[in-house]
Amino acid sequence: MLKSHIAPIIGAFVICVAAVPAQATTDASAEVAATLYDASATQAALAKTYDTNLRARQAQIVTLRKQLSAERAKRSELSDNGRARLTELTAAEESLVAQLAERDRAYAQSIAIFRRGVTDIASTPEGLKALARFNSGDEAGALAILDKLAASNDAARAKRDAIESAVEKRRIAMLAFEAQWRGKLSTADVIARFEAVVALDSNVSTDWSVLGSLYAQANRLPDGLHAAREAQRLAQDDSERLMALDLLANSLLLHGDIAEEGKVLDEAVAIARRRAGANPADVQAQVGLAISLGNLGSYMREQGHAADAGLKIGEALQIAGSLLQAHPKYDLFSQLSELGLAGGELYRTLGHYAEARNIYELFLTAHRALITTDPSNGIAVLQFERTLLDSSRTVKLQGDLAAAKSVAEEALSIARRQLQTEPGNMLKQLIVTQALEILSDIELSRGKLTDARKDADEAVAIFGPTAKSNSGNLMVQAQMADLEYYRGRVMLAQGDIADALDDFRRAAATMQQLIESGPGTGDFVSEFIQILTDFAKATAAKGDLVGARTSYQQALKVAQKLIAVDPANIEWQRNQWIALDGLARLTDSGVTWKQVIALMEPFEAKGMLSAEDRTMLDASRKQEEVRP
């Protein structure tokens, strides 16, 4: 249930640093130039332009770096030719950065600030050594050196204003933040760095935005909500406001405040639309509008307003399509990944499984290319995992269980490696447990009950401690309820009725509490219905037919209320069919197989049934022949 809106934080993050030193050595100039070229801001700006001269300069840099790397592998010191190549490389990197700055005023401002900070680091022998290690991939070693420098500098300027200390710590914290996404530092380490920054200077919106995203990963949800509100309060421009609102909406979802989440998403769309309208040629402004529309559309779909959701997501996909056609680069796919997930989910809700699968495949291709180019890109890996999971769900609905299993196993394999680096990271726990849940459900459909139980038990074991430590947070408990429900389904299939009923009771109680605590979402109500129908099935298996009928009738009543809100939602229609199917199996329920068939056939005619829906309809027809 956790949404991931962290990528915009990296793209919009501004690095604040100290003043420029008077002079730099040749080696320092080379390291500074390399750092500026490799900076996230430079790579993002480069991805937005397709000037042939810049692309030629980029190719020159790649070639020179390869040549220097080859020589350094053979020699401890560069030859005269090597020094000449290093000088040429430095000039090429500086030239590319300068050309980008001439074209993009926002980039020029941010890279100028970054340059001052990097140059300041390189102004001492220790700092230069740290910068060289950072550029070579040893982020942890570089940060260790910088920590020592920061500590000694703090002692030397004890009487200076605290803001100056925050400037230096913010610069180092940003490097740590990038290292964390490369898998080189833990979330807790980076949180500590940014908490030190805001303790000295609490008035920078982007500091709080980064902290909010880190708190969510670290399972510190109240702190995350506080950070999101601070980011919103301190935002200085539309870019910072959108970043803060995106984070705030996610934090509100985690706290179960669905009504305020909707208001925040509405506000974000209004700001993004104004910004995009004022800057029609600005690719990032258009991307921001597409993302905000997609987020609002997803929210509307969850609330049971598929038609309105379709309008928002449709507009977002139209914007994205135009952008991708004009700029067919994988970096843009990464920025629009959340929209791809929203579009696929909407198609799935409407029973258009092939269209949903096409969207997922499009984004999976882009994510694979990004990860192949940069395996340490943590954001691309996360987006890839989430897209794989949604793709697996869709493939299962189409009936290809072997392919669905293969996709889910790929996601799980990647997610396990990510979780091993940081077992307490809630975001990484969610990806692993969702993959296990999907695999368990697939194995259940394949009749592989032992494997299904193993996956379900592991998912509960992984997320159980997180749920226990957040006993008062209903959204975290809802995720736990989801895992227990799926485990209960496997237990029921295994004939372990008593334990299955226990899991169903706990899951139902949590979902009901979540629904009653506020407006809730249609998706939560839908899951509550599913739990009720499986609880009824287990009750019937125990021999309590009266209790089973009561639970089926309760599920049917709630399902029909949902359908009245959004009759186009195939998932909600499915809840009604399953409840009626259960009642039709009870001879004294008053429900006939003919009723079940009559409700399902219009959707069959439209091609909206899943593979399991078609199996249920075929079985209903056979039953109708025996007992109408």
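**Reading the fold of a predicted model**

Me: In this predicted model, what share of the contacts with a separation of 6 or more comes from residues 24 or more positions apart?

Reply: A contact joins residues whose heavy atoms come within 4.5 Å, and in this protein 65% of the contacts with a separation of 6 or more are accounted for by residues 24 or more positions apart.

Me: How many helices and how many strands make up the secondary structure of the protein?

Reply: The secondary structure consists of 30 helices, with zero strands. With a radius of gyration of 27 Å, close to the 25 Å that the globule rule gives for 628 residues, the protein is therefore as compact as a globular protein of that length. Its C-alpha trace spans about 90 × 50 × 50 Å along the principal axes.

Me: What percentage of the residues count as buried, and which atoms supply 52% of the exposed area?

Reply: Buried means under 20% relative accessible area, and 55% of the 628 residues count as buried. The protein exposes about 26,500 Å², and carbon and sulfur atoms supply 52% of that area.

Me: Is Asp390 buried or exposed, and which residues does Asp390 touch?

Reply: Asp390 lies in helix H20, which covers residues 378-398, and it counts as buried because its relative accessibility is 12%, under the 20% cut-off. Leaving aside residues up to four places away in sequence, Asp390 touches Leu341, Arg348 and Tyr360.

Me: How many charged side chains of each sign does the protein have?

Reply: There are 70 positive and 82 negative side chains in the protein, and the centres of these two sets lie 2 Å apart.

Methods: Residues are numbered from 1 along each chain as its sequence is written. This is a predicted model: local features need pLDDT of at least 70, side-chain atom pairs count only at pLDDT 80 or more; totals for chains, interfaces and linings use all residues. Side-chain values use heavy atoms; hydrogens and water are left out. Helices (H or I, at least four residues) and strands (E, at least two) are DSSP runs, numbered from the N terminus. The radius of gyration is taken over C-alpha atoms; the globule rule is 2.2 Å times the number of residues to the power 0.38. Buried means under 20% relative accessible area, exposed over 50%, partly exposed in between (1.4 Å probe, protein chains only). Accessible areas come from the Shrake-Rupley method with a 1.4 Å probe; for residues, only the protein chains shown count as cover. Lys and Arg count as positive and Asp and Glu as negative; His and the chain ends are not counted. The place of a charge is taken as NZ of Lys, CZ of Arg, CG of Asp or CD of Glu.
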